[in-house]
Amino acid sequence: MAVRKLLSVALFIIASASLAPGSAAHKGSRPPSVVLKFYLQQQFGVNELGMVAAARAPVSGTFTGFGLEVVYEFNVTARKSPQSKLLGYVRGTAIVVNNTAASTTFFVQNVIHYDNGNVRGTLSQQGESTFSSVPWEFAIVGGTGVFRNAYGFNVGRFISSTPTPNGNLITTYYEASVFLHR
């Protein structure tokens, strides 16, 4: 149960920090080829699995221990509601790489499977996320389909956290600025 709570909090933070407006981030350079806007529905307690136990116990005031690794799969939707149009899913892993009383840092690697009916492919992204409410971004480091050899960044923000019978549903909003080689 502690692992699920830790994972829920960690993914909440990751999702929360993933959306800051992307338009200012590329000021002065060419605009992105595509900007994907979507919501990530993170259902904790159902769609994640602790793979590696923490190598060190949580620091007082934190929920996670150093080295904890989880694997997950969450739905991507067009709107804030989990019942809105399904655009795909995100699969990946998160590893606690540093935790202090001030924050917990996760190394995240995942693949966004995206299909809005017009644009279809995958985006690979990675980066560190600090367990805080401050927005952060992930690097887009490749893709498939229409996103073949893509690069860019994906930033997001926390929208809501709702208790469910099986855990917690954390909803976050993302804007992925995707650059395609021309």
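User: What is the accessible surface of the protein, and what share belongs to carbon and sulfur atoms?
Analyst: The accessible surface comes to about 8,900 Å², and 55% of it belongs to carbon and sulfur atoms. Accessible areas come from the Shrake-Rupley method with a 1.4 Å probe, and for residues only the protein chains shown count as cover. This is a predicted model, in which local features need pLDDT of at least 70 and side-chain atom pairs count only at pLDDT 80 or more, while totals for chains, interfaces and linings use all residues. Residues are numbered from 1 along each chain as its sequence is written, and side-chain values use heavy atoms, with hydrogens and water left out.

User: Which secondary structure elements does the protein have?
Analyst: The protein has one helix and nine strands, in the order α-β-β-β-β-β-β-β-β-β from the N terminus. Helices (H or I, at least four residues) and strands (E, at least two) are DSSP runs, numbered from the N terminus.

User: How much of the protein is buried?
Analyst: Of the 182 residues, 45% are buried. Buried means under 20% relative accessible area, exposed means over 50%, and partly exposed lies in between (1.4 Å probe, protein chains only).

User: Which residues have the most contacts inside the largest nonpolar core?
Analyst: They are Leu36, Phe38, Tyr114, Leu123, Phe147 and Val178, in a core of 29 residues. The elements that give two or more residues to this core are β1 (34-44), β3, β4, β5 (104-115), β7 (137-145) and β9 (167-179). A nonpolar core is a set of buried Ala, Val, Leu, Ile, Met, Phe, Trp, Tyr and Cys residues joined through side-chain atoms within 4.5 Å. In soluble globular proteins, nonpolar side chains tend to be buried together.

User: What does Phe147 touch, leaving aside neighbours within four places in sequence?
Analyst: Its contacts (heavy atoms within 4.5 Å) include Leu36, Tyr114, Leu123, Val178 and Leu180. Arg120 is also in contact with Phe147.

User: Where does Ile140 lie, and is it buried or exposed?
Analyst: Ile140 lies in strand β7 and is buried because its relative accessibility is 3%. Not counting residues up to four places away in sequence, Ile140 touches several residues, among them Leu123, Tyr151, Phe153 and Val178. The C-alpha atoms of Ile140 and Ile112 are separated by 10.0 Å.

User: Changing topic, how many salt bridges are there?
Analyst: There are two salt bridges, each being a side-chain nitrogen of Lys or Arg within 4 Å of a carboxyl oxygen of Asp or Glu. Arg91 pairs with Glu73, with the closest N and O atoms 3.0 Å apart. This pair links distant parts of the chain, as Arg91 is in strand β4 (residues 86-99) and Glu73 in strand β3 (residues 69-77), 18 residues apart. Arg120 pairs with Asp115, with the closest N and O atoms 3.6 Å apart.

User: Is Arg120 buried or exposed?
Analyst: Arg120 is exposed, at a relative accessible area of 59%, whereas its partner Asp115 is partly exposed, at 33%.

User: And which side chain of opposite charge is nearest to Glu175?
Analyst: It is Lys37, 4.2 Å away; Glu175 is buried yet has no salt bridge. Here Lys and Arg count as positive and Asp and Glu as negative, while His and the chain ends are not counted. Glu175 is in strand β9, and a polar contact of 3.2 Å joins its side chain to that of Tyr173. A polar contact is a pair of N or O atoms within 3.5 Å; within protein, one must be able to donate a hydrogen and the other to accept it, and residues adjacent in sequence count only if both atoms are side-chain atoms.
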